[in-house]
Each structure stands twice: as structure tokens, then as C-alpha cells.
There are 2 protein chains.
Amino acid sequence: MLDDRKKKVLQAIVEEYINTAEPVSSNALTSNHGLQCSSATIRNEMADLEKSGYLDKTHTSSGRIPSEKGYRYYVDELLKDDDISLEEIKYISSKLETKVNEIEDLTKIAANTISEVTHYTTVSIGPKANEQIIKDIKFILLGSRMMMAVILTDTGLVKETIIKFDEDVTEKQVETINYMFNKKLKGQPIEKIDRPLEEYLYDEMTYSVNVIKPIIEQIKKVLEDEQIYLEGANKSFDLPEFNSLEVAKNFVNVLDTKELMADMLNSGFADDIQVYIGDENPKEELKDFSVVTFKHKVNGKDLGTIGIIGPKRMDYSKVISVMKYINKKLKEIE
Amino acid sequence: MLDDRKKKVLQAIVEEYINTAEPVSSNALTSNHGLQCSSATIRNEMADLEKSGYLDKTHTSSGRIPSEKGYRYYVDELLKDDDISLEEIKYISSKLETKVNEIEDLTKIAANTISEVTHYTTVSIGPKANEQIIKDIKFILLGSRMMMAVILTDTGLVKETIIKFDEDVTEKQVETINYMFNKKLKGQPIEKIDRPLEEYLYDEMTYSVNVIKPIIEQIKKVLEDEQIYLEGANKSFDLPEFNSLEVAKNFVNVLDTKELMADMLNSGFADDIQVYIGDENPKEELKDFSVVTFKHKVNGKDLGTIGIIGPKRMDYSKVISVMKYINKKLKEIE
DNA sequence: TTTTAGCACTCTTTTGTTTTGATTGCTAAT
DNA sequence: ATTAGCAATCAAAACAAAAGAGTGCTAAAA
């Protein structure tokens, strides 16, 4: 366990490094940071902290930088989670008051707001339909061989898709389809749109496979479809760590890989805020970055996930404060 | 006017520079490129070409690189537009055979294919609704205060949107709305959904402003909405010009600015392929890049636009060949 | 008149060396 | 337990020299 002064030193180093991106020297900590001792004493403390793995050196005679263990300790034990100004609160509130017609948009707006307030890159993904309960399905004929299906869920999610057919479909058929789908699916979870349902419908209805099959297929497809939204990719490029071309390239690569982003946002089951520091990231490609994710849930139902990607030297304090505040606000809206 | 040998020299330099990204020396051109003369002669030709503005030097004793005028001449006069292999043709064809339910998807697939074949970053934007003719509008009640509007146009474009109300809306009202909108709009261009229509509807229908207003507003909003799709942002980072942090940063900035991308894709009225080299770009921010855009049109109706963004040292030959082929293929599909 | 060989000159790139300065770790004094 | 003092360490900056690639020009050859 770290004694009080060690905690203070560690905290000071983490915060200083987050601010300056430069290794922190023993001297730098004597001036402010409320440490009442000489640089020599701090040097001793730093040596200890390094021995226990909380700090790293870039070379023999350099100042210290936090190790991943150091960041972790900081996030778990030393963090302030109310690092948010009145202006920021006002700004966030006003942004979240935007009227939205689709709940996905709320997640997008939240992600956009987080990116603006924290100056980090965010990614977001809409609600996962799978867990939701079907409230209503509507089929609308848009042409002789084209139909739209609209699925409404208990959380207010609306998913619609166009379905095209190789043969004509009549108004009458659509009515039956409407009736049958609703009879079987209303009140059921979305994953009930599956193979057994398809078989059942083949039996019950006299229409050809050419009608039922595309409907099921297309609905499944649109429900699985995970659209990723990116905000402020350019913001990261102003950070000094992105002066290394390798890091910058890696970053663009990561952002460009939609599957990776989706996996990242879907990993972690927690309802709340998750912090992944460097190697803690489930994805190898993210090992040089820190990721903070937060799932927007209501009654255990996923309404979308937002992730911040930044350097390990991320301003965790600010990020977590902002996320907590937004989380609170979102819950109020529901 | 350039004589034959000068053309050959210019072409060789452009192509060599596109390949190697290094200033081209007089010596490099003697070996291959079918020039039957010594390096001294080539040096003289190069000096001439530089004097006429087709070539630049990076410093006094360096080889030459094409100037923007040089690239322009190359694109206008020296380009081969059938620089496409059998494998590429096969690959493109197979990709474009993918069944799509919405025409926007076709543009996305084409953009993705172009990015894969050329290894450049592409951006794409869906069809502009404005110019299209309304074929049908459908309103579907999704709840007591929620409605969906679906607009179908003559080119097969389908746009749908959710509209929420502050008061209850009845099935009966929806029927009237359906009737009125279709009566006024069927066969009309989409821009007819405007203020005069709104006024007319206020007069004709007895419903409150609270119903008509959100419908018109939301429909207008969704029709104006321009979603930009990005493909292969990471590919550009493998190019040597992106070793300059400034260029890389600029590039990410540009891609991140959706409005800029939209403007870029919307600029230029031509039906066909447009090449913007460096300063020719209508947007200042793109002056270090070359952009090739291509509008996918059928009967003069916009079905989406695709843009390639890359270094000025872009492989115009390949890019234009691929675009031409894809353009041809797309026309076949319609 | 056009082409080419030859060579001095220019400028970048690379490599090596020295200097500077920040910061530590350790020792001995407080 | 803390601190002042100082040698040791190492990165980064500044400087210098050498190497190499390529041109432009001149004068000879075609």
C-alpha cells in the first residue's frame, strides 16, 4: 500500500505528465503540488515508486513518467470525478436538449459533445437491437416488388429496411404478412426472428419462399448492421504523441477498422464507465492507447455505446467527469 | 506546343515520379522509357520543360518533379485510360453484382471497390434528392405521436424519416395527410416541399400547425441530410508524402470536415469524371492533394458522387481507368 | 544544327564529434 | 528522516566534414 506522500507524488506526476507530455523531474514537483519537501526527498520517493512499478523512466537520467500500473492506480484511487466546469455543464446540457427523432441520434449527439468538451476522438455505435423486445412490426408496400419493414421495440428503437422481391407482391399478401409477423413476434425479443420462425411461416402461409425468405433475411441483416460514428479524429493529431508517425498511422488504421471499433465498443458488460489503459485493451492494436467506454442503458437495455480513444496520457479526470455527467443527464431524459 | 520528344520526356518523368516519389534524374530516363538519347540531351529537354513550367526542381542540383501544369498536361494529353488489368475487371464486376436494396448502397459499394483497386482513400455521398421527382409519399402511423414518412422518387431513391409530435395524431388524420401530400406533390420535384406548400396545407386542412409543421420540417431535413462515407483512410498513410506530419495532419483534418467533403463532391457540374490537381481544387484546404470525382448519373439525375483523394502524385492513369470502367458498369446496371 | 562527353559546381544527406543542459543517484551533513 | 551538494549519465542540439547525386555549361563530335 502506498503511504500518503507517495500517493501525492504519484498523483502529481500523473497530472503533470498529462498536462505537459514531458517526463516529470523531481524539481518540477517541489514548486507547486503542495509537497513540502525537497527535490532530493522526492527523488527518493520516485525511486521507490519506480521500484514498485508505478513509474517508468525513458532513460537513466530522465524524469519519470507514469507506468500503466501508475495510471491504473491513479484512475482507481486518486481520480477526481467532478472535474467539470460550469461552462461545460451548461454546454453539455444545451447540447443534450436537442430534440431527436431517433434514439440513435441521442448517442451521436452525446458522442459529439464528449469529443468537443474533452478534445479527444470518440466513436459511437447505436443500440444493439438483439436484446430488445418487439413492440410492433409494420410492412408497407412501396411498389409491386418493393416493401418496407418497420420494427419498433420497447425502448423506442425504430429500425426500417427496404426489401425487394423477384416477384410481385400484393396488398393482400402484405396484410397477411403483417398479421402473421405481429402474431408471432409482438412482445418477443428480436432474436426470435430466426430460422424456426421462417420454417413456421413457410408452413402457415401459402406464399412462396421468394417472399418470406427475403423478408427474414433483410430484417436480420438490418438488425445486425452496426454503424460506427467517428467524431473529432483530427483532434488527436494535435497531441504530441501523434508526432510519431508510427503512432499516428496506427491510430488511423485502428479508426479505419470498423470491426475493431465495433468489437471495442461491444466488449465489456458493465453498465457503467470502463477504462482500458494501454495493454489492458482487449485488442492488441489498441495497446498504445487508452480507451474509455460508456454504455448508455435504460432498464438494462442497450441504447448505444460511446468510446473515447486517446493517448495513455489521457485526461482521465476530465473524461470520466464528463462521461458521468452525460450519463446522468441521459438518464434524466428517458 | 510540345514536340514529340518533350512529350515523351514529360510523360516519362510524370510516370517515374508517380512510381518512385523521388525527383527524377536525367540519367534515370536514359535506361528505359524508350528515349534514344544521352542524359545530356535529356538534361537540355528538362531545362526547356522547366522553363515552360511543366517541371519543377526541389533544389538547384536535384532531379525534376512534375509541376501542377505538368500533371495537368499529362492528364489532358498523355494519359492512358485503359490501365486496368483483367483481374481488376473481374474483381470490379463481381463487386458491382452485389444485390442492393437501396441505390445509395450502390454508390457505397462502388466507392469501396475503387478504394480497394486503386489503394487510395475515397469519399462518397448519396444521391441529391432535390433534383428528383416525387413518385409517391407514404405516411405511416407508428404510435399515437409518432409517424414515419416515406418518399419515393422516379430514380428509385427511397428516403424515410420518423416524425414526432407534441399531440396525438389519428389514423384518420394520417389518411388525409397522405391524400393531400400526394395530391399536391406526386410528379413534382422534391423542392416543391417548401413554404408555399406548408401555407397551402394550413389553409386546406383543419389540423393544427403542430402536425403539419413538424412533417414539413423533418422531411426537408432528411432530404437535405448528406451522409458522407469514407473508405480506406489508412491507405493514404502508407504513401511517402504522408511521412510529413504536416501533410498527414492536414489530410485527417480535411477528411474529418464533413462539410468540406460534401462541398468537394458537390462542386463541378459535369456528368463525367473531373480531375482537380493541387491548386485547381475549389477548396483551399485541398491544395496539396489531387482529387478525382465522378458523378453517377442516370438521365441527368444524380445517383451519388464518388471522390478519390490522394497526393498530387496520384496514379491518374489507374484512377481514371478504374473510374471509367466502373461508370460503364454502373450504367449497365440501370 | 543537334547531340554528347566531360567536368566543375551546388546542394542534400549522412556521418561523426563536441557541447550543452537537464536530471538522477549517491554520499555525507543536518 | 531529510536535505544539500556533486559526480555521473544521457538526450538533444550544434557544429563540422565527407560523400554522393545531379545539374549546367563548355567544347568537341556527329
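The chat below goes through a predicted model of two protein chains and two DNA strands.

Biologist: What should I know about this model and its numbering before I look?

Modeller: This is a predicted model, so local features need pLDDT of at least 70 and side-chain atom pairs count only at pLDDT 80 or more, while totals for chains, interfaces and linings use all residues. Residues are numbered from 1 along each chain as its sequence is written, and chains are lettered from A, with ligands numbered from 1, in the order in which they are written.

Biologist: OK, how is chain A divided up?

Modeller: Chain A has domain 1 (4-78), domain 2 (86-128 + 227-333) and domain 3 (134-224), with bounds that come from an automatic or database domain assignment. Between the C-alpha centres of domain 1 of chain A and domain 3 of chain A there are 60 Å.

Biologist: Which residues are closest to DNA strand C?

Modeller: A:Ser25, B:Cys37, B:Thr41, B:Thr60 and B:Ser61 are the closest of the 19 residues that surround DNA strand C, where a residue is near a strand if its C-beta atom, placed from the backbone, lies within 6 Å of it.

Biologist: And which element gives the largest share there?

Modeller: Helix 3 of chain A does, with four residues. At least two residues each come from helix 2 (26-31) and helix 3 (39-51) of chain A and from helix 3 (39-51) of chain B; helices (H or I, at least four residues) and strands (E, at least two) are DSSP runs, numbered from the N terminus.

Biologist: What kinds of residues make up that surface?

Modeller: The surface near DNA strand C has five nonpolar, 12 polar and two charged residues. Here Ala, Val, Leu, Ile, Met, Phe, Trp, Tyr, Cys and Pro count as nonpolar, Asp, Glu, Lys and Arg as charged, and the others, Gly among them, as polar.

Biologist: Then which residues come nearest to DNA strand D?

Modeller: For DNA strand D, the nearest of the 19 residues around it are A:Cys37, A:Thr41, A:Thr60, A:Ser61 and B:Ser25. The largest share of that surface, four residues, is supplied by helix 3 of chain B, and the surface divides into five nonpolar, 12 polar and two charged residues.

Biologist: Switching topic, how many residues of chain A are in contact with chain B?

Modeller: There are 24 residues of chain A in contact with 24 residues of chain B, and two residues are in contact if their C-beta atoms, placed from the backbone, lie within 7 Å. On the side of chain A that touches chain B, two or more residues come from each of strand 4 (134-143), strand 5 (146-153), strand 6 (158-164) and helix 10 (245-256) of chain A. Helix 10 of chain A gives the largest share, six residues, and that side as a whole consists of 13 nonpolar, five polar and six charged residues.

Biologist: What rotation superposes the two chains?

Modeller: Chain A is superposed on chain B by a rotation of 180° with 0.0 Å of shift along its axis (RMSD 0.1 Å), and the two copies are thus related as by a two-fold rotation axis. The fit is by least squares on the C-alpha atoms of residues with pLDDT of at least 70 in both copies. The same surface serves both copies, since 100% of the contact residues of chain A recur in chain B.

Biologist: Which residue of chain A comes closest to that axis?

Modeller: That is A:Leu245, whose C-alpha is at 3.5 Å from the rotation axis.

Biologist: How many residues are in the largest nonpolar core?

Modeller: The largest nonpolar core has 166 residues, and those with the most contacts inside it include A:Ile114 and B:Ile114. A nonpolar core is a set of buried Ala, Val, Leu, Ile, Met, Phe, Trp, Tyr and Cys residues joined through C-beta atoms within 7 Å. Leaving aside neighbours within four places in sequence, B:Ile114 is in contact with B:Thr122, B:Ile306, B:Ile308, B:Val322, B:Met323 and B:Ile326.

Biologist: One last thing, where is A:Ala21 found?

Modeller: A:Ala21 is in the loop between helix 1 (4-20) and helix 2 of chain A, and its phi is positive, about 65°, although it is not a glycine. Most residues other than glycine have a negative phi.

Biologist: Why does A:Ala21 count as partly exposed?

Modeller: A:Ala21 counts as partly exposed because it has 14 C-beta neighbours inside 10 Å. A residue is buried if 20 or more other C-beta atoms lie within 10 Å of its own, exposed if 12 or fewer, and partly exposed in between, with C-beta atoms placed from the backbone.
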